[in-house]
Amino acid sequence: MQRITTSPKARRPDNRRPNLQRSGINLQAIIDSVDDELIVIDRDLCVTQVNEAVLKRHGIKRSEAIGQPCYRISHGLSEPCRPPACECPVAVVWESGKSVRLSHIHDYNIGDQTEKRHVDIIASPVKDGQGNIVEVVEVMRDVTEARRLEQQIMETNQNLLALNDIASTVNQSMDLETVLNTALDKVLELLKGNTGGILLLDKKSQTLSYRAYRGLSEEFVEGVAGLKLGEGIAGRVAQLGKPIYVDDISKDPRLTREVVIKEGLRAFASVPLQSKKKVLGVMNIASHTAGPFGHPDIQLLISVANQVAIAIENAELYNEVQRKEEMRGELLRQIISTQEDERKRIARGLHDETSQALTGLAVNLQVVMDALPLDVDQVKVKLRRIQNMAINTLDEIHRVIYELRPSLLDDLGLVAAVNWHAENYLEAAGVKVHLETIGVERRLSAEVETALFRIIQEASTNIVRHAGANSASITIDFKHASVAICIKDNGKGFDLDKVMRSKDKGYGLGLLGMKERVEFLNGSLSIQSRPTCGTEIAAEIPIEWEITDGQDKSVDSR
Ligand SMILES: Nc1ncnc2c1ncn2[C@@H]1O[C@H](COP(=O)(O)OP(=O)(O)OP(=O)(O)O)[C@@H](O)[C@H]1O
Ligand SMILES: [Mg+2]
């Protein structure tokens with residue numbers, strides 16, 4: 001075990017005391033070297049000792065300080081410090097016998113001005129050999145700058161919290177009116193004001209008008225509507241993208257509208273609402289009394305304005321997206337109905353003209369064949385062949401007519417049309433189909449029946465074209481408030497994400513079309529597929545019901 005021993009020889013010689021003594025430094029010199037103010041006070045609150053710092057601040061000699069009341073020397077008061085504002089530290093020390101720390105605020109003369117100063121005081125007892133208090137020593141430190149800094153940090157922190165609060169509150173809504181009103185209320189609350197407003201810039205007319213306001217009359221708001229860029233104070237702020245604040249707007253030469261003076265506004269701050277250097281509007285805060293806005297208030301207003309501008313832009317973008325979404329929906333509705341109309345027209349045309357003509361041709365050929373003499377068998381064979389070709393073409397045309405718009409769908413409804421399609425398309429292509437209907441079958445609106453039929457038709461086409469399946473199932477479930485369909489195959493499946501992400505434009509329109517049709521009718525679509533695991537497509541479309549004569553009646557039923 002290692003042991004450290006200190007022999008009298010090894011000990012560091014304590015040469016401080018002799019040094020002090022040697023250089024003639026005494027206690028007075030030590031207390032004078034302290035930067036803080038130090039005074040020693042006796043029981044009668046008289047100063048018995050002071051250091052240089054005290055003398056320097058008062059500009060007096062030591063002899064002028066000794067014997068003076070401590071409150072005069074330390075704080076320039078004519079009577080002792082009193083609680084609650086300023087408790088006398090000396091009294092506390094005499095009473096408790098212990099050191100005490102207190103904070104005082106006193107008026108100090110600095111140059112030719114009087115200033116409030118924050119002073120931290122540590123008072124400690126000086127005891128004799130028997131432990132009796134004989135005097136009190138006070139060390140005072142001016143902490144005004146530190147307090148000011150602390151206060152500034154606190155205010156900055158509060159402002160940051162408020163800013164954060166504003167940012168999160170205004171970003172909670174995508175509704176422009178709500179954003180503007182919430183932002184304005186928060187700003188006024190923060191600046192402890194009650195008058196202000198937000199003007200937005202109309203992109204077309206390039207004019208500003210109030211969209212949210214507090215403490216302003218209707219007359220004023222109407223009176224300043226349509227403010228041009230560069231006009232008045234707000235117009236200039238919007239034009240320059242820079243804040244303007246005036247102590248008394250009623251005397252400002254930039255005023256163009258009388259209504260502002262009538263409103264009795266005085267102190268006025270106007271900051272631009274800009275996002276990505278683009279001015280969206282202006283936020284004004286006003287007061288009915290003249291006087292400058294504090295710099296921190298303006299700074300805060302600018303920071304808030306930046307947040308509000310982002311929220312406004314978000315709300316405007318959201319509105320734009322909503323508007324476009326509505327337009328897209330409307331366009332889709334038109335495309336789908338035009339497509340269906342067009343399919344009907346072509347089917348009718350093919351049926352009424354082409355297929356009639358082909359039927360006529362076949363009949364006429366028969367007539368010609370019957371009229372021919374018996375010894376022209378070879379001609380008859382050729383004619384029979386032509387007739388068969390006409391009949392086959394006729395069948396093909398009927399199939400096309402059916403695919404375009406199955407009359408069964410209009411006449412007998414979804415189940416009959418799907419049944420026909422499964423037999424004539426899927427089964428004909430070698431895919432065994434199991435068709436199941438759940439619930440009580442009923443007629444639905446043409447829109448819903450067409451959408452569901454088209455989805456089944458597209459899913460079947462995909463099974464034949466891509467799946468390589470040999471069996472499939474189709475389920476139609478008539479629920480109380482909706483109709484659900486499900487098409488499953490046992491084919492090779494596919495990677496849905498890959499297909500949906502594909503940039504190839506000619507790829508994936510069928511699945512996309514299903515999604516559009518379903519969403520358009522407020523329904524839902526689910527596509528489940530994995531390579532080698534087959535594919536399942538499920539769609540559900542809600543059906544609204546209305547109550548008539550105590551009986552449920554689907555508005556979709558015919
Ligand atoms: N049942 C299925 N089995 C296997 N792959 C499928 C199935 N359904 C769709 N797919 C895959 O998904 C892709 C996208 O299908 P979608 O119907 O959207 O487009 P498409 O059939 O290629 O073209 P179209 O726009 O003519 O319908 C297909 O190309 C195919 O690769
Ligand atoms: Mg397809």
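Where is the place of Lys 277? I began the notebook with this residue, working throughout on a predicted model.

**Entry 1. Two loops with positive phi**

I located Lys 277 in the loop between S10 and S11. Its phi is near 65°, a positive value in a residue other than glycine. I then looked up its accessibility: Lys 277 is exposed, with a relative accessible area of 82%.

I next turned to Gln 206, which lies in the loop between S6 and S7. Gln 206 is not a glycine, yet it has a positive phi of about 55°. At 36% relative accessibility, Gln 206 counts as partly exposed. I noted both residues for the reason that most residues other than glycine have a negative phi.

**Entry 2. Helix H10 and its cover**

I looked up which residues of H10 are buried, and found Gly 232, Ile 233, Ala 234, Gly 235, Val 237 and Ala 238. The cover over these buried residues includes strands S6 (195–202), S7 (207–214), S8 (227–228), S9 (244–246), S10 (268–275) and S11 (278–286). Just after H10, I recorded a positive phi of about 70° at Gly 241.

**Entry 3. Cavities**

I searched for enclosed space and found two cavities of 30 Å³ or more. The largest cavity holds about 150 Å³ of space. Sixteen residues line the largest cavity, and the closest to its centre are Val 224, Leu 227, Ala 234, Val 260 and Phe 268. Helix H10 (residues 232–240) gives the largest share of this lining, three residues. By class, I counted 12 nonpolar, three polar and one charged residues in the lining of the largest cavity.

The second largest cavity contains about 50 Å³. I listed its lining as Cys 70, Tyr 71, Ser 74, His 75, Cys 81, Cys 88, Pro 89, Val 90 and Glu 138. Helices H5 (70–75) and H6 (89–96) each supply at least two residues of this lining, and the largest share, four residues, comes from H5. The classes here are six nonpolar, two polar and one charged.

**Entry 4. The magnesium ion**

Which protein donors does the magnesium ion (ligand 2) have? I found Glu 458 (OE) and Asn 462 (OD1), lying 2.1 Å from the ion. Both donors belong to helix H16 (residues 446–467) and are four residues apart, about one turn of the helix. The spacing is of interest, as an α-helix has 3.6 residues a turn, so residues three or four places apart point the same way.

I also compared the exposure of the donors. Glu 458 is partly exposed, with a relative accessible area of 23%. Asn 462 has a relative accessible area of 16% and is therefore buried, the cut-off for that class being under 20%.

**Entry 5. The largest nonpolar core**

I looked up the largest nonpolar core, which has 43 residues. Those with the most contacts inside it are Leu 452, Ile 463, Ile 474, Ile 476, Ile 485 and Ile 487. Among the elements that each supply at least two residues are helix H12 (295–371), helix H15 (414–426), strand S13 (471–478), strand S14 (482–489) and strand S16 (535–542). The largest share of this core, nine residues, comes from H16. Apart from this core lies another, of 30 residues, among them Leu 180, Leu 184, Leu 200 and Ala 269.

**Entry 6. Three residues followed by contact**

I took Leu 452 in helix H16. Is Leu 452 buried or exposed? Leu 452 is buried, with a relative accessible area of 0%. Outside four places in sequence, Leu 452 is in contact with Leu 414, Leu 444, Val 483, Ile 485 and Ile 541. I noted that Leu 452 and Ile 485 are 33 residues apart in sequence and 7.4 Å apart in space, C-alpha to C-alpha.

For Ile 476, with neighbours within four places left aside, the contacts include Leu 414, Val 415, Val 418, Ile 438, Val 483 and Ile 485.

I finished with Ile 537, in strand S16. Ile 537 is buried, at a relative accessible area of 5%. Not counting residues up to four places away in sequence, Ile 537 touches Ala 459, Ile 485, Cys 486, Ile 487, Leu 511, Met 514, Leu 525, Ser 526 and Ile 527. From Ile 537 to Leu 511 the C-alpha atoms are 9.6 Å apart in space, with their positions 26 residues apart in sequence.

Note on methods: Residues are numbered from 1 along each chain as its sequence is written. Chains are lettered from A and ligands numbered from 1 in the order in which they are written. This is a predicted model: local features need pLDDT of at least 70, side-chain atom pairs count only at pLDDT 80 or more; totals for chains, interfaces and linings use all residues. Side-chain values use heavy atoms; hydrogens and water are left out. On a 1 Å grid over the protein atoms alone, a cavity is a set of points where a 1.4 Å probe fits but cannot get out, and a pocket is an open set with protein on both sides within 12 Å along at least five of seven lines; lining residues have an atom within 4 Å of a point. Grid points are joined across faces, edges and corners, and a volume is the space filled by probe spheres set on the points. Ala, Val, Leu, Ile, Met, Phe, Trp, Tyr, Cys and Pro count as nonpolar, Asp, Glu, Lys and Arg as charged, and the others, Gly among them, as polar. Donors are N, O and S atoms within 2.8 Å of the metal (3.2 Å for Na, K and Ca); water is not among the atoms, so sites may look incomplete. Buried means under 20% relative accessible area, exposed over 50%, partly exposed in between (1.4 Å probe, protein chains only). A nonpolar core is a set of buried Ala, Val, Leu, Ile, Met, Phe, Trp, Tyr and Cys residues joined through side-chain atoms within 4.5 Å. Contact means heavy atoms within 4.5 Å.
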